[in-house]
Amino acid sequence: VRHERRTRLGAAAVLWVFAIFAIGPLLWMALTSTRAERAAKRWPPAMAAQDLTLENYGRLWTETRIARYAVNSLGVALATAALVVTVAAPAGYGFSRFGFTGSRVVLLAGLGAVMVSGMTTVVPLYVMFRGLGLLNDLGGLVLVNAVQALPLSLWVTTAYIDTIPRELDELVELDGGTPWTIFARVIVPVMVPALTAVALYSFIVAWREFLLAATFVTRDTLKTLPVGILGFFTEFGIEWGKLAAATMVATVPAFGLFWLLQRWLTGEPVARKT
Amino acid sequence: VAPALALLGAFHVVPVAYALWLSLQEWRIGAGPPAFVGLGNFRALAADPGVWGTLTASGTFLVLDVLVILGGGLLAALAVNARPRGAGVLCALALAPWATTAVVAGVIWRWILEPDVGLLTLATGGAGRAALMTPGGAMASVVVADAWRTLGFAVVFLLAGLQTIDRDVYAAARIDGARGWTALRHVTLPLLRPILTIVTILLTLHALNSMEVIWILTGGGPVRSTETASLRVYREVFTYFDLGAGAAWAGALLLANGVLAAGYLRSARTPRGAA
């Protein structure tokens with residue numbers, strides 16, 4: 001028993017180290033965002049009351065298009081989540097219940113392909129999108145984001161539907177239900193938790209996506225938050241206070257959603273034992 | 001199923017095939033139509049004196065990044081699994097950076113490591129200046145920054161794996177006198193092997209393909225010491241507008257991705273005693 005207690009203390013210490021490593025840099029950024037620019041470079045970083053200010057946020061609001069970027073990011077992320085859910089729910093149903101020979105292989109291959117290709121697709125997508133007139137088009141961005149989030153989402157929906165007993169399907173079938181009524185009446189209501197997770201995941205994927213957005217969108221009014229922030233980085237001789245405020249705008253909403261998602265991901269055990 | 005497959009096909013399979021086709025073309029944006037050059041781009045790539053630098057940078061980043069994240073992730077997952085007080089909240093905090101975009105991660109770490117005004121320089125009285133200004137320091141910096149952002153991803157998978165291990169197995173192991181390190185080495189790790197393989201593959205692909213954090217933190221410098229292959233792809237296309245050369249690098253990268261992933265899967269299947 002003593003041995004076990006020592007293990008737990010050690011584990012707690014290790015976790016504290018990880019948590020501080022993870023959160024420390026974010027707190028430092030949050031601190032920077034609420035201090036006057038002149039105080040940002042002072043060491044030690046004592047908090048003098050007169051240094052505490054919201055002026056960085058004010059300047060961010062008035063001097064940049066941050067609101068526009070935030071709206072763009074939000075729109076793209078919401079549309080991506082909606083698209084992925086609409087596509088992944090029936091596809092998961094199809095994979096789970098009407099799997100043709102080798103359909104699981106296709107699913108796995110899709111997952112693998114997206115993981116393996118990475119950088120390879122950026123260039124051809126750029127050329128394709130230029131041809132299709134989808135550059136500087138947020139709809140195009142939604143499409144590529146959805147493709148990024150789709151394989152894992154398909155995996156989740158398929159696995160989840162696998163756990164729904166087929167007897168339920170058969171009951172509806174006896175009542176004269178078609179596969180579509182089974183899907184609408186049985187599957188969708190039961191899989192709400194899985195669809196929530198898929199939506200949260202897709203939202204975060206789209207919200208944090210940067211490379212494709214930076215490549216496909218050059219018009220300032222269409223930029224998403226990460227791309228807009230990169231613009232600040234190079235253009236205003238780096239005003240760190242303002243930049244820090246911008247990173248907070250990009251980070252805080254994602255954290256709220258992430259909190260919900262991680263509770264789903266790490267499952268009940270962790271949540272219950274706290 | 002059809003719409004899902006169509007989306008994947010149109011925006012995934014087609015681009016990959018197109019990338020391979022592009023790699024056989026000589027095509028600079030704004031310099032006339034593409035011309036077929038066969039393996040010319042690959043020959044130019046092999047003849048480029050910078051190729052070894054890029055390969056070394058890629059290899060170093062790959063190995064360090066995967067080892068740091070895998071080791072750290074395993075340690076953190078084991079700690080959460082031991083269920084100390086506050087595990088849930090601490091775990092959530094440790095995972096949080098995963099939700100940040102690469103740009104934010106890059107900006108945050110740049111703000112900490114910046115030679116003149118960064119936290120590290122201020123806190124160490126100037127010694128931290130070396131972080132971004134020497135090749136070794138720059139490589140260490142990009143690994144730390146990337147690990148910071150990616151660790152949570154590894155923890156989630158490894159934790160899921162750990163939680164499937166029945167606690168009775170440990171009880172049985174204890175009766176046989178295995179506890180602590182012995183139990184970890186002979187019970188936990190072998191049982192965790194399938195998940196470890198998957199996580200290693202995913203991390204390898206991540207390390208090979210992600211370039212955003214490196215781009216913002218060091219831009220590939222100093223003297224190209226952190227210019228990995230994926231950063232090179234981006235440079236060739238969007239800085240030098242050389243689509244063919246970019247696609248050749250991308251093709252090489254795709255090959256590396258596939259070979260490494262297949263290699264891990266193979267080694268995972270070969271039984272190797274009680275590892």
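Start by selecting A:Arg65 and A:Asp220: their side chains meet in a salt bridge, at 2.4 Å from N to O. Before you zoom in further, keep in mind that this is a predicted model. Now look at where the two partners sit. A:Arg65 is in the loop between H2 and helix H3 (66–97) of chain A, while A:Asp220 is in the loop between helix H10 (211–216) and helix H11 (225–235) of that chain, so the pair links distant parts of the chain, 155 residues apart. Turn on the surface if you like: A:Arg65 counts as partly exposed at 39% relative accessibility, and A:Asp220 is partly exposed too, with 25%.

**Next stop: A:Lys242 and A:Glu63**

Select this pair and you'll find another salt bridge, 2.5 Å from N to O. A:Lys242 lies in helix H12 (residues 240–265) of chain A and A:Glu63 in helix H2, so the bridge ties together parts that are 179 residues apart in sequence. Which partner is buried, and which is partly exposed? A:Lys242 is the buried one, with a relative accessible area of 2%, whereas A:Glu63 is partly exposed at 47%.

**Over to chain B for a moment**

Pick B:Glu227 and B:Arg232, whose side chains form a salt bridge of 3.9 Å, N to O. Here B:Glu227 is buried at 2% relative accessibility, and B:Arg232 is buried at 4%. Back in chain A, add A:Arg59 to your earlier selection: salt bridges with shared partners join A:Arg59, A:Glu63 and A:Lys242 into one network. Over all chains, the structure holds five salt bridges.

**Look down a helix**

Stay with helix H2 (residues 55–63) of chain A and colour its buried residues, A:Asn56, A:Arg59 and A:Leu60. Seen down the axis of H2(A), they fall within an arc of 105°, so they line one face of the helix. Spin the view round, and on the face turned away from the buried side you'll meet the exposed residues A:Trp61 and A:Thr62.

Now zoom out to see the whole of chain A. It has 13 helices and zero strands, and buried residues make up 51% of its 274 residues.

**A pocket to peek into**

Head for the second largest pocket, which holds about 1,100 Å³ of space. It is lined by 26 residues, and those nearest its centre are A:Thr7, B:Leu78, B:Ala82, B:Tyr170 and B:Gly180. The elements giving two or more residues to this lining are helix H1 (2–33) of chain A, plus helix H3 (51–81), helix H9 (167–175) and helix H10 (180–209) of chain B. H1(A) provides the largest share, eight residues.

**Two last residues in chain B**

What is the nearest side chain of opposite charge to B:Asp146? Select B:Asp146 in helix H8 (residues 135–163) of chain B, and you'll find B:Arg149 at 4.8 Å; B:Asp146 is buried yet has no salt bridge. A salt bridge needs the nitrogen and oxygen within 4 Å, so keep that cut-off in mind here. Leaving out residues up to four places away in sequence, B:Asp146 touches B:Phe61, B:Asp65, B:Ile69, B:His206, B:Ser210 and B:Val213.

Finish at B:Ile216, in helix H11 (residues 212–217) of chain B. At 4% relative accessibility, B:Ile216 counts as buried. Setting aside neighbours within four places in sequence, its contacts include A:Leu230 and A:Phe233 from chain A, as well as B:Ala102, B:Val103 and B:Arg110.

Conventions
Residues numbered from 1 in each chain as written. Chains lettered and ligands numbered in written order. Predicted model: local features only at pLDDT ≥ 70, side-chain atom pairs only at ≥ 80, totals over all residues. Heavy atoms only, no water. Helix = DSSP H or I, 4+ residues; strand = E, 2+ residues; numbered from the N terminus. Buried < 20%, exposed > 50% of the residue type's maximum accessible area, 1.4 Å probe, protein only. Contact = heavy atoms within 4.5 Å. Lys, Arg positive; Asp, Glu negative; His and termini not counted. Arc of directions from axis to C-beta. 1 Å grid on protein atoms, 1.4 Å probe; cavity = no way out; pocket = protein on both sides within 12 Å on 5 of 7 lines; lining within 4 Å. Points joined across faces, edges and corners; volume = space filled by probe spheres on them.
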